[in-house]
Amino acid sequence: MHKIILLITLLSFTANAAESTKDLDVKNLTDRQIHFKVFELMRFSKYQETLEFCNDVLKQKPYNSEAHLGKGKVLSELKKWREAVAAYDLAIKYTTPLLGEIYYQKGVALDERYAPLEEIKDFLKKIGMSLEDIRKPLKDIEQSFKNKGVPSEERKKFLEKIWRIEEAFKAYDLAIKIGYEDRHAYYGRTRALIRLGRLHDDE
């Protein structure tokens, strides 16, 4: 009987999912309803409304992992990667069952085609270096760039790219270790290793 009641509740919620969220009593929504509302709004590409909904929920429930996760997803769609990562970090802090997916989504936000492999190779080739030369800590890479006479601003931009890829790798890796079996997590992890010149480290 409780399954039938739950199904009716979800169907009723679906029927109104594309409508305005202004009249929703967000304080009394369950995690399942918040998750479903975010899913439906994003399915209709209502990104601004999704963001407003998540923010409304978080005003009432600042520790709600579903709202932080939804906020991260919509900020990723809006190409606001830094803010998306911050939202995913809060979702990680306040949840346990969804950790695998959250780490994966965080990896995507950090990684999202930010530094194609060819772009990295071209930059390194220009200063007489290769992927082998960046298989070391960031501070050592920066010192190598200084020795090569790479201008400060160029160093900063490139090192931020490498940092993002390293953090993306860590997020993908944690998602997999936690048990998140989506193949895209494995693809993302491998892609990050390739761009860091560390693919053979994984063998």
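1. Reading along the sequence, you'll find the pattern α-α-α-α-α-α-α-α-α-α. In other words, the tally of secondary structure is 10 helices and zero strands. Keep in mind as you look around that this is a predicted model. Of the chain's 203 residues, 45% count as buried. It's also worth knowing who touches whom: taking contacts between residues at least 6 apart in sequence, 56% of them join residues at least 24 apart.

2. A good place to start is helix H3, residues 47–60. How far apart should the ends of H3 be? With 14 residues at 1.5 Å a residue, H3 should span 20 Å, and its end C-alpha atoms are indeed 20 Å apart, so the two agree. Now look at which residues of H3 are tucked away: Glu 49, Thr 50, Leu 51, Phe 53, Cys 54, Val 57 and Leu 58 are buried. Helix H2 (31–43) and H4 are among the things covering them. As a reminder about helices, there are 3.6 residues a turn in an α-helix, so residues three or four places apart point the same way.

3. Next, see how H3 sits against helix H4 (residues 65–77). Their axes come within 9 Å and cross at roughly 155°. Is H3 roughly parallel or antiparallel to H4? Angles over 145 degrees count as roughly antiparallel, and that is why H3 is roughly antiparallel to H4. The crossing of H3 past H4 is left-handed. On the H3 side, the contact is made by Tyr 47, Thr 50, Leu 51, Cys 54, Asn 55, Val 57 and Leu 58. On the H4 side, the partners are Ala 67, His 68, Gly 70, Lys 71, Val 74, Leu 75 and Glu 77. Sorted by type, the residues of this contact are eight nonpolar, four polar and two charged. Thr 50, Leu 51, Cys 54, Val 57 and Leu 58 of this contact also turn up in the list of buried H3 residues.

4. Stay on H4 for a moment and find Ser 76, which has its place in that helix. Is Ser 76 buried or exposed? Its relative accessible area is 10%, so Ser 76 is buried. Leaving aside residues up to four places away in sequence, Ser 76 touches Trp 81, Ala 84, Tyr 88 and Ala 109. Trp 81, Ala 84 and Tyr 88 fall within helix H5 (81–93).

5. Two loop residues deserve a second look. Ser 45, in the loop between H2 and H3, has a positive phi of about 60° although it is not a glycine. Its relative accessible area is 44%, so Ser 45 counts as partly exposed. Lys 79 also has a positive phi, of about 65°, and again it is not a glycine. You'll find Lys 79 in the loop between H4 and H5. Lys 79 is exposed, with a relative accessibility of 56%.

6. Moving along the chain, helix H7 (residues 117–126) and H9 have axes that come within 12 Å and cross at roughly 140°. That angle makes H7 oblique to H9. The crossing of this pair is left-handed. H7 brings Glu 119, Ile 120, Phe 123, Leu 124 and Lys 126 to the contact, while H9 brings Glu 154, Phe 158, Lys 161 and Ile 165. By type, that gives five nonpolar, no polar and four charged residues.

7. H9 (residues 152–178) also packs against helix H10 (residues 183–195), at an angle of about 145° and with the axes 9 Å apart. H9 and H10 make a left-handed crossing. From H9, Ile 165, Phe 169, Tyr 172, Asp 173 and Ile 176 meet Ala 185, Tyr 186, Gly 188, Arg 189, Arg 191, Ala 192, Leu 193 and Arg 195 in H10. This contact divides into eight nonpolar residues, one polar and four charged. Notice Ile 165: it meets H10 and also takes part in the contact with H7.

8. Finally, pick out Asp 173, found in H9. Is this residue, Asp 173, buried or exposed? With a relative accessible area of 11%, Asp 173 is buried. Try locating Tyr 104 too: it is 69 residues from Asp 173 in sequence, yet their C-alpha atoms are 8.4 Å apart in space.

Terms used. Residues numbered from 1 in each chain as written. Predicted model: local features only at pLDDT ≥ 70, side-chain atom pairs only at ≥ 80, totals over all residues. Heavy atoms only, no water. Axes fitted to C-alpha atoms, helices over the stretch in contact; angles between N-to-C directions. Helix = DSSP H or I, 4+ residues; strand = E, 2+ residues; numbered from the N terminus. Parallel < 35°, antiparallel > 145°, perpendicular 65-115°, else oblique. Left-handed = near helix turned anticlockwise from the far one by under 90°. Contact = heavy atoms within 4.5 Å. Nonpolar A, V, L, I, M, F, W, Y, C, P; charged D, E, K, R; others polar. Expected span 1.5 Å × (residues − 1). Buried < 20%, exposed > 50% of the residue type's maximum accessible area, 1.4 Å probe, protein only.
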